[in-house]
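I am opening a notebook on a structure that is new to me, and I want to keep each look-up as a separate entry. The entries follow the order in which I went through the model.

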Amino acid sequence: MNRAMYAAASGMAAQQTQLEIVADNLANAEVAGFKGAAATFADVRAGEIGLGTTTLGRHALFAQGKLVKSSGPFDVAIDGPGFFVVERDGHRAYTRNGEFAREPDGSLRNSAGWRLDGVRIPGDALAVRVERDGRVAIDTAHDRDRTIARLRLATFPAPEAMRPAGATLFVPTDASGRARLVEPGAHGAPSIAFGMLERSNVSIVESVMQILSAQRAYEANAKGVQAADEMLRIANNLHRG
């Protein structure tokens, strides 16, 4: 009975983890560049005997989100794999959220203060644009289409093993491998979409279905715990009798 109770209780814990992850996905469904996460579960076995379920961890799902036009004058999106390289206080991170704003020093930063690496807009720039190959060009009163920078994107051998460092920030791990910088726009490489943002890849409909499924599984496991507890109580009464 104890084994049955443990198996059912571990199932409840696994479904609770699943519900928390789906809830987090839904909470960030409208955040540009957000990547939904999923949990990995495994059976706990002793030979041929099943003992329950354990959670091996969670990982981000890097499926492409839909690219949509935006109103931000410096918004950019990545069409394909890869990450923008951002820095703050000497730390480097990687993101798919291209919602940047121009700061007084000419840098482009997101709402959390992370600076887009390698780009600084001159004070005399009247217009700024980014080409699909990452070329950053400006118009001034005396010059047109002057190249001031070139965006490069970072790719990883196993991005799903990166560690989340915020809603849309990631940092590499030993398992993800080191960053490799690539030039966008080349054949087979990701490209830059200027004036657009990548929506999160969270599907509201799928998430709701996942919640309903997890709730049903949680309730079934809860009944399993109750049944095992009742059987244990009856066995104890018989033993005393």
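Entry one, a residue in a loop. I began with Asp 145, which is found in the loop between E11 and E12. The model is a predicted one, and in it Asp 145 has a positive phi of about 55 degrees although it is not a glycine. Is Asp 145 buried, exposed or partly exposed? Its relative accessible area is 37%, and since exposed means over 50% and buried under 20%, Asp 145 is classed as partly exposed.

Entry two, another aspartate. I then looked up Asp 89, which sits in the loop between E5 and E6 and has a positive phi of about 50 degrees, again without being a glycine. Asp 89 has a relative accessible area of 70% and therefore counts as exposed, the cut-off being over 50%.

Entry three, the strands around the first loop. I followed the chain on both sides of Asp 145 and found an open sheet of three strands in the order E10-E11-E12, with antiparallel pairing. Strand E10 (127-130) and strand E12 (146-150) are its edge strands, each of them pairing on one side only. From one strand to the next, the twist averages 25 degrees. I also noted that E10 and strand E11 (residues 135-139) are joined in the antiparallel sense over four bridges, and that Val 130 has Val 136 as its bridge partner in E11.

Entry four, the strands around the second loop. E5 and strand E6 (residues 91-95), on either side of Asp 89, pair in the antiparallel sense over five bridges, and Phe 84 has Thr 95 in E6 as its bridge partner. Both strands belong to an open sheet of seven strands, whose order is E7-E8-E9-E5-E6-E15-E14 and whose pairing is antiparallel. Which strands stand at the edges of this sheet? They are strand E7 (101-102) and strand E14 (163-164), and because each has a single partner strand, one side of each is left without a neighbour in the sheet.

Entry five, a hairpin. Earlier in the chain, strand E1 (residues 37-46) and strand E2 (residues 49-60) pair in the antiparallel sense over ten bridges, with Ala 38 standing opposite His 59 in E2. The two strands form a hairpin with two residues between them, and Gly 47 in the turn has a positive phi of about 70 degrees.

Entry six, the nonpolar cores. In soluble globular proteins, nonpolar side chains tend to be buried together, and I wanted to see where that happens here. The largest nonpolar core has 24 residues, and those with the most contacts inside it are Phe 84, Val 119, Val 136 and Leu 151. At least two residues of this core come from each of strand E4 (76-79), strand E5 (84-88), E9, E10, E11 and strand E15 (169-171). There is also a second, separate core of eight residues, which includes Ala 60, Phe 83, Val 85 and Met 162.

Entry seven, enclosed space. How many cavities of 30 Å³ or more does the count give? It comes to one, and the volume of the largest cavity is about 60 Å³. Among the residues that line the largest cavity are Val 119, Val 130, Val 136 and Leu 151, while strand E9 (115-120) and E10 are the elements that give two or more residues to the lining. By class, I wrote down ten nonpolar, no polar and no charged residues for this lining.

Entry eight, open space. The largest pocket holds about 220 Å³ of space and is lined by 15 residues, of which Asn 25, Ala 37, Leu 61, Glu 206 and Gln 210 lie nearest its centre. Helix H1 (2-27), E1 and helix H2 (204-240) each supply at least two residues of the lining, and H1 gives the largest share, four residues. The lining of the largest pocket has seven nonpolar, seven polar and one charged residues.

Entry nine, two more positions. Lys 223 is in helix H2 and is exposed, with a relative accessible area of 60%; its C-alpha atom is separated by 9.9 Å from that of Ala 9, although the two are 214 residues apart along the chain. Gly 123 lies in the loop between E9 and E10 and, at 76% relative accessibility, counts as exposed. Gly 123 and Asp 105 are 18 residues apart in sequence and 8.2 Å apart in space, C-alpha to C-alpha.

Note on methods. Residues are numbered from 1 along each chain as its sequence is written. This is a predicted model: local features need pLDDT of at least 70, side-chain atom pairs count only at pLDDT 80 or more; totals for chains, interfaces and linings use all residues. Side-chain values use heavy atoms; hydrogens and water are left out. Two strands pair if DSSP finds at least two bridges between them. Axes are lines fitted to C-alpha atoms, for helices over the stretch in contact, and angles run from 0 to 180 degrees between N-to-C directions. On a 1 Å grid over the protein atoms alone, a cavity is a set of points where a 1.4 Å probe fits but cannot get out, and a pocket is an open set with protein on both sides within 12 Å along at least five of seven lines; lining residues have an atom within 4 Å of a point. Grid points are joined across faces, edges and corners, and a volume is the space filled by probe spheres set on the points. Ala, Val, Leu, Ile, Met, Phe, Trp, Tyr, Cys and Pro count as nonpolar, Asp, Glu, Lys and Arg as charged, and the others, Gly among them, as polar. Buried means under 20% relative accessible area, exposed over 50%, partly exposed in between (1.4 Å probe, protein chains only). A nonpolar core is a set of buried Ala, Val, Leu, Ile, Met, Phe, Trp, Tyr and Cys residues joined through side-chain atoms within 4.5 Å.
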